[in-house]
Every structure is written in structure tokens, then in C-alpha cells.
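Me: I have a model open and want the reasoning behind its labels. Let's take them one at a time.

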Amino acid sequence: MANPASLPGTDESYWVHTTDSSRFAPLTDDLTVDVAVVGGGIAGLSTAWEVVRTGRSVVVLEADRIAVGVSGYTSAKVTAQHTLIYDRLRRRHGEEAARLYAESQQGAVGRIAAVTAELGLACDLEQRPAVTYSLDPADRTELRAEARAARDAGLDAEYTETTGLPFAVAAAVRVNGQAQFHPRHYLLGVAADLAKRGGRIHERTRVTGLHEGEPCRVTTETGATVTARDVVVATHYPVFDRALLFARMAPRRELVVAAPIDASADPQGMYISRSEGKRSVRTAPLPGGRRLLIVTGEDFTPGAGGVADRYRRLDRWMHERFPAAATSYRWAAQDNDPSDKIALVGPLHPGARHTYVATGFGGWGMTGGVMAGALLSELIAGRSPAWAGLYDPRRLWSTLKEAPTLLKQQAEVGLHFVGDRLRTTHADSVADIPPGSGAVVRAGGRRLAVYRDEDGAAHAVSARCTHLGCLVAFNDAERSWDCPCHGSRFGIDGTVTHGPAVRPLEPHDLDGHAE
């Protein structure tokens, strides 16, 4: 089992490491507002900020600290180019769908620039082209088609075989007029302005219940209740899923490594690969004129294991291709991929009148979250933008076409749900678990997730995820218990660190099984 201390770089997001922690108080008393937003990432904060500007009262309820979940561990590309999306949209759903997708996503790019200027935010917003590239000549036809489709959809797109990368590529699609930024500098600025306008933010306030009606009621772990006309669930993976959205999304975790480079080595763009597995590249400004090279890749399903080796492989790729200094940071991000590749933003379920959801951004949450804020604020006001139907979670026109993908995703969930239980154990006994690692063990007739600390003491919690009951697995690089079915994550003590689970793993005594 790998020791995380032997991995490259500091185990922290650069965005989190270079910003102060927010300090909003938990909600302790009952509250009545026009709109309650559950989740304090970019989708939740953007929605709340757009809503408060319409004169409505709003509260944001965040289980941890704002902008330290997925939004604090992103690569922070602000782009309407989402790898190869436009040719797919045109072929499967028509040219109008591709045009509306481009219009809404490019609109989010412009919205971030406008908000940054209006609020005077120092968030390192830089205009950069977004480039999808391939090393395989066989992909040229596909990339040419993507460039045409993106251009026809309204983007400034072109096919090219020349990039700013320090290695040759076979083909690429370049989209101009895109951007990158420091997400926490941006979001903390938006949060400060939200509070200045009278909006309320409460951290360390985990929402545990949603009662729909007129008005709606939201209950919290602190015991306080929020009464609101409208409720938005923007918790990355919905903590309330009354339309079975979990069946239409697959969780995906990916790793990030970052190292300083000289400004002269900056590839001057945001890149993502089509071949050789996913590799995403961008830079950020550092003090003294240098740049921080940020490389993302090594996608895997939460709970898949071998995370430390994935980190090393990604770090090796970065240093083999770029003249980078020693790795400074490493972190991981988590995304939810919808079966049809289109985010789910709109009414929470077919019968919903005052409840909404924003989820399924598929790795493109910066523009997706801002788009969601603009869309949901319009829906709450009784207006419907032209692209509302494209993202509507109730859509059937797209779900039916994507049925094979949806069935494959749920077959994988079923494999974990049933197959993991057929294994007698993930370790033969607690005694087989070395210090600094963990495993699922059958003890006393129960499956327990057991972590042995560096001093040799064993700590046991239930191995059943509190969301829908799948068995968790140990993440050797981040020292966490991860659910492979829907992406919930837990600390070694069982505390929830990532939803959709809202309840911790139950602690257990080992009752003589610790040796």
C-alpha cells in the first residue's frame, strides 16, 4: 500500500492553498426566504447571486465551506469547448441544439468576464484559446467535423495541426475567445457581493430534508428549518433525487498535478487530449513572473483503487513533456457524466413546481455552473430562456436516444452493488491491513471498512454507503472511503466528505477482530 507522503507535491489544491478560508456561521435559527439554495459551489453561488439581484431574498446552505468542494478542486477552464461535443449534438439532436448549447456556454464565458469587471475581482482572469488535440492521425476526420460543427454553432473555431504544446500533434480543434481564472478568488468575491446585497450564507449547515409544497421547507442537521417559496439543489450530485437522476449519471474522479515553469515555456492555451488517455493542460500566473503548469488526467471510477500509482503516472507524463520544476501540488476532482453529455438543469422532477436542480456538468462546471445560475434565476422569475429545454432534467427526447449508454452505466452500478457482496472479503483479516492503509473486512458477520493508522490502531466503520448501500473501497492516495456506485466519499472516521450521501458511515467496534 502506498504512503501518500511519498507522492509528489503538497496534497492540496492550489486554488484552496492560495486563498483564506471563508467563515460564515452555521444556521441555528429557523428562517424564511424567497429562495433557498442548497450547495455553495459555483452553481449554487451563481444562482444565489443572480437571484438576489432580482430583489428576492436568498440563503445559501453549505455542508462544509463554500467553494472548497468540486469548485475548489477544478482545473478552472472557462470555455464553451467541451472536448468533442458539437458534432455529436448536431448529429443526434440537430443543428439548433448545437447552436443553443454554444450560445448558453459562451454566454457563461462572457458572464464571468462581466461579473469580474463589475465587481473588480482580482481572479487572474486571462483570455486563452481552448484546444482539443489528438496524436493519432486517424482522428483527423473527427476533429475536422468537430471544428465545422463548433463554427456552425457560432463559436470562433478552426481545425489546425499546430499548437503551442512542446510536442507535435496530428490534429486539433482551436476555439478562440475562451478564458481561465482562479476559481476561489472569483467565487469568494461573488459571495462577498451576495452578502453585501442582503443574501445570507450559512456554512457547516448540512441539509437533511426537503418537503415540497407552497411554501417548501428545508430541514438541516443543526435542527433549523428554512421555509422558502423556491428551492434549488446544487450539491454537485443531488442530495435529493426524486427523478432518479442517479440512473442517468456516472461519477468520475480525475487527478491533478501542478509544477512551476518559466513563462517562456507557457503553451499559451488550454489543452485537452483526444488520444493517449485524457490529458488536460493549462497554466496560472505565479508571483515573480513564472507560471504554474496544471495537468489533469487519469480518469477513474471512485473506489477503483490504485490511486497513488495513477498520480505517479500523471506526474511522470508532465515531467517528460514539459520543462517543469519539482511538483508543487497534487489534488483530485470529481465529476458526474450524464448519459447524453448535456447537463441537467431545471425542475427537480416532472411534478416539481418550486424545486430545481443543477447537476451533471461532466467536467465543465465553470461555464456549466454559471449557465445554471442564469437559467435557474430566469425560471424562478417565471421566464424561460431559449435553451431551457436543452438542459431540462425531464427531457425524454435525449434520454431515449442515449438508452445504451444509460443501461451500461447502470450495469456497472449493479456489478458493484451485487458483485462486491459476492466477494468474501477485500482483505482476509484486520491483521493483514498494514499501517497507513485500509480495506473492507468481514468481521463478526458484517462487512466493515477498516483503516489502520500509522501507530497500528485499527478504526472501523460500516462498509455500506449510506446513500443506496453499495460497498465502499479504500482510496490509498487520499485516505478516504469511496463509493463506486454514485461517488459518495467518506473520511476514515466515516464523516461525509462528498455527496450524495448525507449520513456518515456508522462506527463499529472490532470486538476482538483487530489483531
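Reply: Start with contact: two residues are in contact when heavy atoms lie within 4.5 Å. By that rule, Ser104, Gln105, Ala108, Val109, Arg111 and Ile112 in α4 meet Met366, Thr367, Gly368, Val370 and Met371 in α8. Six of these residues are nonpolar, four polar and one charged. Keep in mind that this is a predicted model.

Me: Why are α4 and α8 called roughly perpendicular?

Reply: Look at the crossing angle. The axes of α4 (residues 95–119) and α8 (residues 365–380) cross at roughly 90 degrees. Angles from 65 to 115 degrees count as roughly perpendicular. The value falls in that range, and α4 and α8 are therefore roughly perpendicular to each other. Their axes come within 8 Å.

Me: What makes α3 and α5 roughly perpendicular?

Reply: The test is the angle again. α3 and α5 (residues 140–152) pack at about 75 degrees, with their axes 7 Å apart. The range for roughly perpendicular is 65 to 115 degrees, so α3 is roughly perpendicular to α5.

Me: Which residues of α3 and α5 meet, and what classes are they?

Reply: Tyr86, Asp87 and Arg90 come from α3. Ala145, Glu146, Arg148, Ala149, Ala150 and Asp152 come from α5. The contact has five charged residues, four nonpolar and no polar ones. Asp, Glu, Lys and Arg count as charged.

Me: How do the axes of α3 and α4 lie, and what residues join the two helices?

Reply: The axes of α3 (residues 86–93) and α4 come within 6 Å and cross at roughly 145 degrees. On the α3 side are Tyr86, Leu89, Arg90 and His93. On the α4 side are Glu95, Ala97, Ala98, Tyr101 and Ala102. The classes are six nonpolar, one polar and two charged.

Me: How do you know that there are cavities in the structure?

Reply: Rolling a probe the size of a water molecule over the atoms shows where empty space is left. A cavity is a place where a 1.4 Å probe fits but cannot get out. A search of the whole structure finds two cavities of 30 Å³ or more. The largest has a volume of about 60 Å³. The second largest holds about 30 Å³.

Me: What makes a residue part of the lining of the largest cavity?

Reply: A lining residue has an atom within 4 Å of a cavity point. For the largest cavity, those residues are Ser46, Trp49, Glu50, Arg111, Val115, Tyr186, Val190 and Val370. Five are nonpolar, one polar and two charged. α2 (42–52) gives the most, with three residues. Arg111 and Val370 also appear in the contact of α4 with α8.

Me: And which residues line the second largest cavity?

Reply: Lys77, Thr79, Gln81, Ala130, Val131, Met270, Tyr271, Ile272 and Trp364. β5 (126–134) and β13 (270–273) each give two or more residues. The largest share, three residues, comes from β13. By class, six are nonpolar, two polar and one charged.

Me: How do you know that the chain agrees with a compact globule?

Reply: Set the radius of gyration against the rule. With 515 residues, a compact globule would have a value near 24 Å. The chain has 23 Å, which agrees. Its C-alpha trace spans about 65 × 60 × 50 Å along the principal axes. The chain holds eleven helices and 26 strands.

Note on methods. Residues are numbered from 1 along each chain as its sequence is written. This is a predicted model: local features need pLDDT of at least 70, side-chain atom pairs count only at pLDDT 80 or more; totals for chains, interfaces and linings use all residues. Side-chain values use heavy atoms; hydrogens and water are left out. Axes are lines fitted to C-alpha atoms, for helices over the stretch in contact, and angles run from 0 to 180 degrees between N-to-C directions. Helices (H or I, at least four residues) and strands (E, at least two) are DSSP runs, numbered from the N terminus. Angles under 35 degrees count as roughly parallel, over 145 as roughly antiparallel, 65 to 115 as roughly perpendicular and the rest as oblique. On a 1 Å grid over the protein atoms alone, a cavity is a set of points where a 1.4 Å probe fits but cannot get out, and a pocket is an open set with protein on both sides within 12 Å along at least five of seven lines; lining residues have an atom within 4 Å of a point. Grid points are joined across faces, edges and corners, and a volume is the space filled by probe spheres set on the points. The radius of gyration is taken over C-alpha atoms; the globule rule is 2.2 Å times the number of residues to the power 0.38.
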